[in-house]
Amino acid sequence: MKSKLKTNYMAATVMLVAAGSMFGTVAYAQEMGESTEMQMDQEIERSKILTDTGFFGVFATYKLNSDYYQKGSAERRGAVDEVLSVVEDHMDNVLVDAYLTRGLSAKSDYMLRVHAYDLQTAQDFMNDFSNTRFGMHSEVTENLTGITKSLNYITKEESSDLNAALTSTSYSGEEPRYSIVVPVKKSAEWWNMSEEERLEEMETHTEPTLAYLPNVKRKLYHSTGLADTDFITYFETNDLEAFNNLMLSLAQVPENLHHDRWGDPTILSTIQPIGNVVETLSAVK
Amino acid sequence: MKSKLKTNYMAATVMLVAAGSMFGTVAYAQEMGESTEMQMDQEIERSKILTDTGFFGVFATYKLNSDYYQKGSAERRGAVDEVLSVVEDHMDNVLVDAYLTRGLSAKSDYMLRVHAYDLQTAQDFMNDFSNTRFGMHSEVTENLTGITKSLNYITKEESSDLNAALTSTSYSGEEPRYSIVVPVKKSAEWWNMSEEERLEEMETHTEPTLAYLPNVKRKLYHSTGLADTDFITYFETNDLEAFNNLMLSLAQVPENLHHDRWGDPTILSTIQPIGNVVETLSAVK
Amino acid sequence: MKSKLKTNYMAATVMLVAAGSMFGTVAYAQEMGESTEMQMDQEIERSKILTDTGFFGVFATYKLNSDYYQKGSAERRGAVDEVLSVVEDHMDNVLVDAYLTRGLSAKSDYMLRVHAYDLQTAQDFMNDFSNTRFGMHSEVTENLTGITKSLNYITKEESSDLNAALTSTSYSGEEPRYSIVVPVKKSAEWWNMSEEERLEEMETHTEPTLAYLPNVKRKLYHSTGLADTDFITYFETNDLEAFNNLMLSLAQVPENLHHDRWGDPTILSTIQPIGNVVETLSAVK
Amino acid sequence: MKSKLKTNYMAATVMLVAAGSMFGTVAYAQEMGESTEMQMDQEIERSKILTDTGFFGVFATYKLNSDYYQKGSAERRGAVDEVLSVVEDHMDNVLVDAYLTRGLSAKSDYMLRVHAYDLQTAQDFMNDFSNTRFGMHSEVTENLTGITKSLNYITKEESSDLNAALTSTSYSGEEPRYSIVVPVKKSAEWWNMSEEERLEEMETHTEPTLAYLPNVKRKLYHSTGLADTDFITYFETNDLEAFNNLMLSLAQVPENLHHDRWGDPTILSTIQPIGNVVETLSAVK
Amino acid sequence: MKSKLKTNYMAATVMLVAAGSMFGTVAYAQEMGESTEMQMDQEIERSKILTDTGFFGVFATYKLNSDYYQKGSAERRGAVDEVLSVVEDHMDNVLVDAYLTRGLSAKSDYMLRVHAYDLQTAQDFMNDFSNTRFGMHSEVTENLTGITKSLNYITKEESSDLNAALTSTSYSGEEPRYSIVVPVKKSAEWWNMSEEERLEEMETHTEPTLAYLPNVKRKLYHSTGLADTDFITYFETNDLEAFNNLMLSLAQVPENLHHDRWGDPTILSTIQPIGNVVETLSAVK
């Protein structure tokens, strides 16, 4: 029973598709269809949570204490099952994705993304996870909470052509292996611009991104007042040079003049089943 | 006797109502009435301390050392009673509220809010708390002190319509499960504006907040010279999307141009009885 | 002999009076008189060091390592006498005041202020203190050195009315229980203003502070080149709301536009005999 | 077999030549030829990876935990072979260069530069390295990922004279013993300038650097969106005063007005075989 | 033999004279003569290295781990000889000066200044020092490398009167007991000023410093590209109030408007033989 779940999880998590609403993209039913084929009993929940508005996304990065490695390898080996068991216990309420950041990010070894309709159930999971042996040796180094909301700028009503362009193309690259999380905080000057001015800037921002729809998946979370950032922008790609070019094109539009925070940290990672992440970091592979 | 207190505390703390004076709101007798129904022998003190001016609020966030988990579970289990006993010892002088931040804030696992008429009695409690086994393994990561004062801008005299609007509506949502603390520091330019200019900005600031009176409770503490912040703004809500919208509306008024600090940290937590907080973090539930 | 000193110290330190030269105040013989009545064999030295110019003030804040509490309580109990003995050894050269910051400041548990005519003797004391068991478990979190100098702006010659106002009123509140230390760094633009412009700003700065002479004691140390701050401003009060109002009035004058640092950290504490500080933090009371 | 590799590695790594593309320099076949003479079975890969575009460079700095030295010297001695063995295991996929930063950089003891065509293979190496005894006691203090791309400003087409000047001179100094890594982040204002304006600034930037082509080797990695920096500039030299003068000349052109980050950290090190680095830091030499 | 060296070192290091080239001062043969009288077999090297250009100065500050004090006092006592022995081993290549910062600087307990013609030999010393028992328990908290160069502004040719004034007066105070290190980073705007403008500013900067030539010794190291600072300014004095006044006079000239970094940290210390520093911090005196 447990081993079935383990396999299930490892397979399912790799399949994760983050339908993009960032830059004004809507959820792509088609993309979802692709990924849900390989997901099992949670497939409905996953597809819903990734397209619905009004649910929470909690991003947390962790660094392992060096004393974890003082434990015997048998104990470290046991950490994998213990973590998988906690994930299983909470699977009716939260959807957990895992990322290996070690080697790519200075401030963490791994990242969790937890989706939930009720933030308290996400916190419940986080606490049970922290109380595993693996969690007890992990220090949280970043922790950001956001909510999904419907599109605010590039809507059918306000910007119909761009909206059409965004929705007519979908991701067609290989299964993404990499994820990048970039917190975004806009300046007070930005928020004091009129709605029309901000719409115009976001249209200028959106145009150069259209070319990257086939290469880079995107998802947006709103965080003003819930964290020291306004947005959590989440990307998946298999083509990091394309992603670098996408970010350069976003650097070159006037909206960039209104960033108080853009990254800091930029969290680059590989998308991995949570069992793999724990195994790799436990040095028991 | 002790077990009675334990239950009492757990129940009473959940009932906490923070009558808002932030954004110019006055204390709502009505709200207080709702909450005090379920509070017992301290009810008068709690209702008074939450509406009076001239008392202190000390906010402290703590992070547990990982070596806490090297202790046996029996010893960790004993931590709950030890903490409750310290709270009991000081209950005539201070009012203690607890919050679970783990999973929602990177820099802490829990937060305490301590109210007292005499700051030294709050410090006495903090020291006795720090000398419990649980406290000895907790590192303070933020510590802010503020005083409550009467309204400074949106008064009956200076801004009667807004004052009336603020006092005519009160919180009507479900019992709030979430708290958000946001330190605020205004720029030197702000403080060098005339009283009239600042009043005008605060009126513009207050208007969009009226819509959120039923969803979000608010309380304000003054900290200039007592901490590296001018204000501690404290919120309770059960509707985090409404809170996100409230904060977005506050980002969009000119007063936001005068923030040297707005958050940093933004402390998001669930409101919990102190016994629950210690129990959850002690991994003995 | 030792116990006599202990009592002496505990009593004497509480009696500390910091005659203010900040904001242009001169030393108040009268205040000194009040406090010296209760001081014994050191009284001349204390009164001189607190009014003289050309002596050093070293401020250091400390945080106890959590492993201190792994020591047995007998060993921790011995820490008090060991510290008192070091203070006694250096009493001919340095004057030591202690402050309990735990519960009021995130970055420290206690603060020492050490006065000396020769900075090296202050360092000698600091090193002997650091080599006690208590000191070995204390990490320095802030360390600022300043010198006392004669008045630079509000002098009898340059600003006679204000100088008269400052010297005609003295502290008349209750024995201060609280201390606040606020480091101040002025901008390069400030220092490039003419002497006359700066005098004018300091007069505007001084006027609103006159009202607080009876409530708040003040003392100023000059630190340019000796620390990453220009001034260490030191306050004692028993009325923290008055202090909050004083600081607000200082925020509202143009001089505030020239602060590169004002606080950061603001160190709020209670004034305590050093024996009490060590005892409280050793959890052996 | 292993000892052969060890020697090979130690020799080969010292021979490293970083053909410069920074400041618009192209890869120098000639320089490569010089260095590849002494490299053996990896020579094709090294020469290709150092001139190709589209491969990744991961820079990571590490600090040893002080508890590493609690291990016996035999165990520390074993660390060298363990690390060399991991490098050997990955040699088909990644090229690893090592640098000793201790004594020259506050935040680290050593640095690794890992080149790979597939970033995931670089991460695989980093994880296996981190799981060695030496790695388990090393904390990552900086970790930056970049991609090599073809020249963007000083091309044959856009700036033919400068391009010719850059390609007509190559490094002719002694084998470089020192490396300097300087992360560069340009301002939003820079990125919002037109392509022509930026070209002009880069030409002004390039001119004074021509004189240093014989003394300083350079290589450029692009990092926008992959790290909190836009570029990783990598230098090798044996003449640090020349390098200081080169950097001063770059400080004096207008492009410097558009740096949000230039260094921070500046990572100065000696180029060393990885075996030497581990041996020196293990205190077993 | 060893004990002779020990005494020699202790004496010699106190005699250190840093001939100033900062603020355009040239090396004072006369000062050197004073100090070299008491130096023995290294005297030529010391006098040369302190006046030559083109040699390196490495400044490193260290903080002792609290676990150092868990070692027995015998072991800590042995640390002194072990460190002196490492200094002796490297005395042909490097010149080591030591400073006690504990009690005067928050971020360190001691500082080393290492002079060498070849930076790699300085690093070799730093590594051997770090591998002593004392070094293994020391964490580097700042580490800055600079080069000495000939005067750049106040030369005989460009500014003959000021140059004459600088060279006609030399230090005549008591043997300096205090050292202050102040890193300086100039803004991009400064570096983009013309050579003439910068010369003019440096003349204005130099004038008020003439008065302090008899009280404060100065030495300048150039660090652009070698560290995150442009200059390391090093001072020795026995009159800290004079130094405070000197720094105030430098704050009041327009050049100060172009400081991106001035201090941060300002490192105040007493100049001590390295044996004394280790002994004091080992608590075995």
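**Exercise 1.** Work out how many residues of chain E and of chain C are in contact.

*Solution.* Start with the cut-off: contact means heavy atoms within 4.5 Å. On that rule, 39 residues of chain E touch 35 residues of chain C. Before going on, bear in mind that this is a predicted model, where local features need pLDDT of at least 70, side-chain atom pairs count only at pLDDT 80 or more, and totals for chains, interfaces and linings use all residues. Residues are numbered from 1 along each chain as its sequence is written, chains are lettered from A in the order in which they are written, and side-chain values use heavy atoms, with hydrogens and water left out.

**Exercise 2.** Find the area buried between chain E and chain C, and which three residues of chain E supply the most of its share.

*Solution.* Take buried area as the accessible area (1.4 Å probe) that two parts lose on being put together, summed over both. For chain E and chain C that comes to about 3,000 Å², with 51% of it on carbon and sulfur atoms. Next, look at chain E by residue: Arg102(E), Leu104(E) and Asn244(E) give 17% of the area that chain E buries against chain C, more than any other three residues.

**Exercise 3.** Track down the salt bridge and count the polar contacts between chain E and chain C.

*Solution.* First, the salt bridge (a side-chain nitrogen of Lys or Arg within 4 Å of a carboxyl oxygen of Asp or Glu). The rule finds one across this interface, and Asp118(C) and Arg177(E) form it, with their closest N and O atoms 3.2 Å apart. Then the polar contacts: pairs of N or O atoms within 3.5 Å, where within protein one must be able to donate a hydrogen and the other to accept it, and residues adjacent in sequence count only if both atoms are side-chain atoms. Here you get 18 residue pairs, both partners at pLDDT 80 or more. As for who sits on the chain E side, helix H10(E) gives the most, with eight residues. (Helices, H or I, at least four residues, and strands, E, at least two, are DSSP runs numbered from the N terminus.)

**Exercise 4.** Now do the same for chain A and chain B: how many residues are in contact, and what area is buried?

*Solution.* Contacts join 35 residues of chain A to 39 of chain B. The buried area is about 3,000 Å², and carbon and sulfur atoms give 51% of it. Again look for charged partners: there is one salt bridge, between Asp118(A) and Arg177(B), at 3.2 Å from N to O. Finish with the polar contacts, which number 18 residue pairs, both at pLDDT 80 or more.
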